[in-house]
Amino acid sequence: MSNPRFLIVSLGNQAPYYDCLHSAGHFALASLQKLLSPSQPPFAPERHGGRSCLTSAGSTYTMLQSPTQMNVSGPWLARAWKEALQNYALKPSELSLVLVHDDLEEALGRVRMRNWTASHRGHNGVKSVNGSLRPAEFPGSRWSRISIGIGRPEERDHISVSDYVLKKMTRHQRDVIDNQVGPRVLDYLHELQWGLNVPTEQRRTVDQRASKVHFQNNEVSY
């Protein structure tokens with residue numbers, strides 16, 4: 001069996017909003033790195049896509065925490081993806097891209113795998129990425145998203161949602177992500193890795209599972 005490579009990128013914000021719910025993707029990757037240690041090295045600053053970002057580069061998983069603010073993540077990620085293909089001398093089909101981000105429409109700590117083209121559900125970071133990276137421009141590419149539930153406020157107006165996702169995480173919320181999210185993300189990565197090592201027909205169950213998306217009619221941008 002081959003040893004597929006993965007570029008796993010989390011979306012989130014920078015200081016002073018780094019430790020907010022909107023940065024749950026960053027904390028999910030931190031949890032995953034600890035779970036895979038010592039084979040997956042600790043995060044440290046490296047340069048990718050023209051910017052310094054926290055990076056953990058292992059033999060199978062290269063994890064990057066987006067160094068931009070959430071709403072403008074796309075251009076940087078597009079540069080980092082193209083740069084990774086060039087640096088590793090790989091075709092798009094040989095480097096799987098996984099985007100890890102928070103999800104307002106799921107309960108705190110619930111992890112779901114989604115098809116790359118599934119609804120952004122109002123997520124401005126995913127919108128930005130979709131505007132900068134298009135699968136049709138990279139034939140054979142295998143891109144997926146993993147969403148991390150952060151719960152939702154009772155009020156659905158824009159100000160309430162913005163205040164909620166930018167609020168500093170509580171100790172309980174951090175504990176849920178640290179202890180429960182990492183193992184589930186790893187399960188999905190193993191599922192994706194298994195899918196790359198089997199014939200196309202057998203991969204259909206993985207692709208179908210990733211495509212099951214629950215759509216909301218009351219999306220609020222955040």
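The exercises below, each with a worked solution, concern a predicted model.

**Exercise 1**

Task: Check which distance should separate the ends of helix α2 (residues 73-88), and what the end C-alpha atoms show.

Solution: Helix α2 has 16 residues. The expected span is 1.5 Å times one less than the number of residues, so α2 should span 22 Å. Its end C-alpha atoms are 22 Å apart, which agrees. The buried residues of α2 are Ser73, Gly74, Trp76, Leu77, Ala78, Ala80, Trp81, Ala84 and Leu85. Alanine 89 follows α2 and has a positive phi, near 55°.

**Exercise 2**

Task: Determine how many residues of β5 are buried, and to which strands β5 is joined by bridges.

Solution: Take burial, then pairing. Nine of the nine residues of β5 are buried, so the strand is largely enclosed by the rest of the structure. β1 and β5 run parallel and are joined by six bridges. β5 and β7 also run parallel, with seven bridges between them. Valine 100 of β5 illustrates both pairings: it is the bridge partner of serine 10, and its own partner in β7 is isoleucine 146.

**Exercise 3**

Task: Identify which residues touch the most other members of the largest nonpolar core, and which element gives the largest share.

Solution: The core has 30 residues, and Ile8, Ile146, Ile148 and Leu189 touch the most other members. Elements giving two or more residues include β1 (5-10), β5 (95-103), β7 (143-149) and α5 (171-196). The largest share, seven residues, comes from α5. Apart from this core lies another, of 21 residues, among them Cys53, Met70, Ala80 and Leu97. For the contacts of one core member, take isoleucine 148: not counting residues up to four places away in sequence, it touches residues including Ala24, Val100, Asp103, Arg110 and Val181.

**Exercise 4**

Task: Trace the salt bridges of aspartate 103 and state whether the residues are buried or exposed.

Solution: Begin with arginine 114, which forms a salt bridge with aspartate 103, the closest N and O atoms being 3.1 Å apart. Arginine 114 lies in strand β6 and aspartate 103 in strand β5, eleven residues apart. Next, aspartate 103 forms a salt bridge with arginine 121, with the closest N and O atoms 3.0 Å apart. Arginine 121 is in the loop between β6 and α3 (124-132), so this pair ties together parts that are 18 residues apart in sequence.

Now apply the burial cut-off of under 20% relative accessible area. Arginine 114 has 0% and is therefore buried; aspartate 103 has 2% and is buried. Arginine 121 is buried as well. Finally, Asp103, Glu106, Arg110, Arg112, Arg114 and Arg121 are linked in a network of salt bridges.

How values were computed. Residues are numbered from 1 along each chain as its sequence is written. This is a predicted model: local features need pLDDT of at least 70, side-chain atom pairs count only at pLDDT 80 or more; totals for chains, interfaces and linings use all residues. Side-chain values use heavy atoms; hydrogens and water are left out. Helices (H or I, at least four residues) and strands (E, at least two) are DSSP runs, numbered from the N terminus. Buried means under 20% relative accessible area, exposed over 50%, partly exposed in between (1.4 Å probe, protein chains only). A nonpolar core is a set of buried Ala, Val, Leu, Ile, Met, Phe, Trp, Tyr and Cys residues joined through side-chain atoms within 4.5 Å. Contact means heavy atoms within 4.5 Å. Two strands pair if DSSP finds at least two bridges between them. A salt bridge is a side-chain nitrogen of Lys or Arg within 4 Å of a carboxyl oxygen of Asp or Glu.
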